[in-house]
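Hi everyone, thanks for coming. I'll walk you through one protein chain today, so have a look at the picture and then we'll go through it piece by piece.

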Amino acid sequence: MTDSVLHMEGISFTRGRREVLKGIDARFEGGVFHAILGPNGVGKSTLVEILSGQMDPDAGSTTLFGTPVRKLSARKVARQVAVVSQSHEVRFAFSVREVVMMGRHPHIDRFGSPSEHDFKLADEAMAVADIRHLADRPVTEVSGGERQRTLFARALAQDTPVLILDEATSNLDMKHTLSLLSVVREKVKRENRCAVGVFQDINTAALFCDRFHFLKEGRMAVSGSVEETLTPETLWEVFGVRARVMEDETTGSRQVLFNAGGFHG
Ligand SMILES: Nc1ncnc2c1ncn2[C@@H]1O[C@H](COP(=O)(O)OP(=O)(O)OP(=O)(O)O)[C@@H](O)[C@H]1O
């Protein structure tokens, strides 16, 4: 049994002169790891920015546990939704530990100070993201992948029922990609949390996610379980690429085999 945690209805959004999203309906449940997929510029980041309350849509509504997101304060949303965004920009030279501790701020009283529990969660998140050895380094002086792991750890420390990942592993090596997404999957399955990830790499998404949502030309083109949606027909329709879809006999997960010349003009 799955519960609807986030619900989008009739979401439309125009950026510049272009209507990027055209009446999107989607449901994101607890206990499910969702993937948002689609070509560059189709509106994946825009969709998750609206989903996490960072932007208001021109039309339609998003509810979080039944309450319209626009009626909730940023602090209330941050207690429920953590985001690892695509922008890796960190302007100030906070230490890696300080950045991870920022994930606890929504939970700490305005005039209070962090508790033992806050420090413990931040420390655990740093261990999971394998950044403890970087704790005292300025975040402006670590590598792109290390910075992304720091922002991932901040979101894990935030300890929310909803986790939104916008290409959150795009700079990570394979080992850290697998280990961090395994942790997300475990939280989704064991603790009934809801995860929504934007992915460019369909095979990584197929290893960890339960449901795929493909965007095309501002609309939700195909939505459903990985088995239903990850087909050569969908890949052709959405991305204009020819590919084979294989099922790994050992793990049962679907993987795509591309070929160098297999794309539409
Ligand atoms: N700040 C902005 N101002 C105006 N237009 C924008 C802005 N950010 C994005 N856009 C435009 O909105 C559209 C959707 O962008 P968005 O970043 O949501 O796409 P995306 O699917 O996440 O793309 P990608 O796969 O390249 O990350 C694109 O046409 C983009 O050029």
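**Strands first, then domains**

Okay, so let's start with strands β1 and β2. β1 covers residues 4-15 and β2 covers residues 18-29, and the two run antiparallel, joined by nine bridges. Just keep in mind that what you see is a predicted model.

If you want one pair to find on screen, go to Thr-14: its bridge partner in β2 is Glu-19. Now follow the chain around from β1 to β2. How many residues sit between the two strands of this hairpin? Two. One residue to click on in that turn is Gly-16, which has a positive phi of about 60°.

β1 has another neighbour as well. It pairs with β4, residues 59-64, again in the antiparallel sense, this time over five bridges. To spot that pairing, look for His-7, which stands opposite Thr-63 in β4.

A quick general reminder for the newcomers: in a regular strand, side chains alternate between the two faces of the sheet.

Now let's zoom out to the domains. The chain is divided into domain 1, made of 1-80 plus 160-231, and domain 2, which is 92-158. Their C-alpha centres lie 23 Å apart.

So where do they meet? Twelve residues of domain 1 are in contact with twelve residues of domain 2. On the domain 1 side, α2 (74-80) and α6 (174-191) each supply at least two of the touching residues. And what classes of residue are on that side? Six are nonpolar, three are polar and three are charged.

Definitions and conventions. Residues are numbered from 1 along each chain as its sequence is written. This is a predicted model: local features need pLDDT of at least 70, side-chain atom pairs count only at pLDDT 80 or more; totals for chains, interfaces and linings use all residues. Domain bounds come from an automatic or database domain assignment. Two residues are in contact if their C-beta atoms, placed from the backbone, lie within 7 Å. Helices (H or I, at least four residues) and strands (E, at least two) are DSSP runs, numbered from the N terminus. Ala, Val, Leu, Ile, Met, Phe, Trp, Tyr, Cys and Pro count as nonpolar, Asp, Glu, Lys and Arg as charged, and the others, Gly among them, as polar. Two strands pair if DSSP finds at least two bridges between them.
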